[in-house]
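Biologist: I am new to this structure, and I would like a close look at a single part. Could you walk me through the sheet and what lies around that part?

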Amino acid sequence: MSTDSPLNVAVIGTGMRATSYFRNVPESLRGRIRLSAVCDPSEANRRFFVERFGDSATLHYADARELFAGEPAGALIIASPNDCHRDHLIAGLEWNVPILLEKPVCITLEECQSIWRAWETSRKPVVAVGFVLRYTPFYRKVQEIVRSGALGQILQVDGDEIISTALTSLFFRDGWRLKDACTGGFLVEKCCHDFDVLGCLADSPVKRISSFAARTHFVPRPRAEQNPRFDPEITRSLALDYGDVAIKRHFESVTDASVYSGKSDVPDHQSAIVEYENGVLSTLTVTFGQPRQTRLIRIMGSNGLLTGDFQASTITYEVGRASSSLWDRKEITVPHDESGHQGGDTHINHAFWNAAFGKEEIIHAGLREGLEAVITAICVEKGKRTGNPVDVAQARRFVFDAPAPLQPVSASPACGVTG
């Protein structure tokens, strides 16, 4: 498409994440992207979204089946809840237009399989999966150091997700994220990001995993034993990393529900051990209720050690000197803008919107990468439930190689909104 022509865009799921894709349109394309249709069962959210990004001609739909029954848009953003992604993506592939699909791609291996079959029989339009971490200056710099060979042969890649007060409240109070049936499990919903990044740094497919999880603090307990940091009066004022406090306040209504109610399926701490086919080992630990939000990374090679703090945008790495027991140490602060996700929102938007206009852009995570990460996360959730190691290679073969015919899928309703 010529950048002189307007691009009509349809959006399914008019929540916080979808707003970031319109707030961060590249400057060169401002005024050339038109919101032609929105789909969401919440009329209030549709109106809020259209007031900011649309016009009086923007079409409103409460049901995705009605949207897909109409004329195709020029591009599609799918930001509906996780359990709707499969149906919305398969219907969207029929339009044969560029698609930006929020993570995770889907929530079961069967859904992964049906999506891959639909992709294989489609005309293969651009599909960008919303793995925004891949686009951040921080993780791009980490990857650059690893790829340079400075650390030697990579042996271990470890990550920690530190969940702050604000996000803890989001996952333990109310909404669709409370239940595994909607999310696929917390590590599918939130940490498919991390499995994507860790796999990219390990530079190998996953072979097998084990996982252990527990919820020992955010359980029903007397008021005197509850941490006052999680009172609704406090958490209402906390901001998340979406780059726009006004938008956050509209979508994020903190109720008087208690994080100690026990209603959530989410564990308050979980660990996964991952073995890659090239012999690299990895751990991912997730812990809720922490004072601040960040991700930590540790990479150990045959000649060096790298540690990084995502939120602080700092990387430290030590490299052994040749023919010596001494080490050289380097500390880096990685600059980023304030678009959200440590500058990742700017870069993923630049890549997708320019690709939607037909420009040569690198989409760092397409459909295959999105499926690989969610297959790992689904297997981690299975390992959590059974306590046994899970053969991820077998799951991958089921998704990508199984010969059974694709079953027809009808587009489901929008099912709600995402944040």
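Modeller: Two strands count as paired if DSSP finds at least two bridges between them. With 2 bridges, strand β8 (residues 206-214) and β15 meet that mark, and the two run antiparallel. In this pairing I209 stands opposite V390 of β15.

A word on the source: this is a predicted model, in which local features need pLDDT of at least 70, side-chain atom pairs count only at pLDDT 80 or more, and totals for chains, interfaces and linings use all residues. Numbering starts from 1 along each chain as its sequence is written, and side-chain values use heavy atoms, with hydrogens and water left out.

Now step back to the whole sheet. It is open, and its 9 strands follow the order β14-β13-β12-β11-β7-β10-β9-β8-β15, with mixed pairing. At the edges are β14 (327-333) and β15 (390-391), each of which pairs on one side only. The protein has 15 helices and 15 strands in total, taken as DSSP runs (H or I of at least four residues, E of at least two) and numbered from the N terminus.

Helices pack on this sheet. Helix α14 (residues 367-386) touches β8, β9 (269-276) and β15, where touching means heavy atoms within 4.5 Å. The direction of α14 makes about 50 degrees with that of β8; angles run from 0 to 180 degrees between N-to-C directions of axes fitted to C-alpha atoms. Another helix, α6, lies across β7, β11, β12 (304-309), β13 (314-320) and β14, running at about 5 degrees to β13.

α6 also leads us to the cavities, of which the whole structure has 2 of 30 Å³ or more. A cavity is a set of points on a 1 Å grid where a 1.4 Å probe fits but cannot get out, and lining residues have an atom within 4 Å of a point. The largest cavity holds about 80 Å³ of space, and L133, R134, Y139, R140, Q143, V197, C200 and L201 line it. Two or more of these residues come from each of α6 (137-147) and α10 (192-202). By class, the lining has 5 nonpolar, 1 polar and 2 charged residues.

The second largest cavity, of about 60 Å³, brings us back to the sheet. At least two of its lining residues come from each of β7 (154-164), α10 and β11 (294-301). The lining is made up of Y139, G159, D160, D194, V197, L198, L284, R295, L296 and I297, which divide into 6 nonpolar, 1 polar and 3 charged.

β15 ends at residue 391, and helix α15 (residues 392-401) is worth a look too. The axes of α15 and helix α5 (residues 109-121) come within 7 Å and cross at roughly 35 degrees. L109, E110, C112, Q113 and W116 of α5 meet A395, F398, V399 and F400 of α15. The classes here are 7 nonpolar, 1 polar and 1 charged.

Last, the overall picture. Of the 419 residues, 58% are buried, meaning under 20% relative accessible area. Among contacts with a separation of 6 or more, 75% join residues 24 or more positions apart.

Conventions
Nonpolar A, V, L, I, M, F, W, Y, C, P; charged D, E, K, R; others polar. 1 Å grid on protein atoms, 1.4 Å probe; cavity = no way out; pocket = protein on both sides within 12 Å on 5 of 7 lines; lining within 4 Å. Points joined across faces, edges and corners; volume = space filled by probe spheres on them. Buried < 20%, exposed > 50% of the residue type's maximum accessible area, 1.4 Å probe, protein only.
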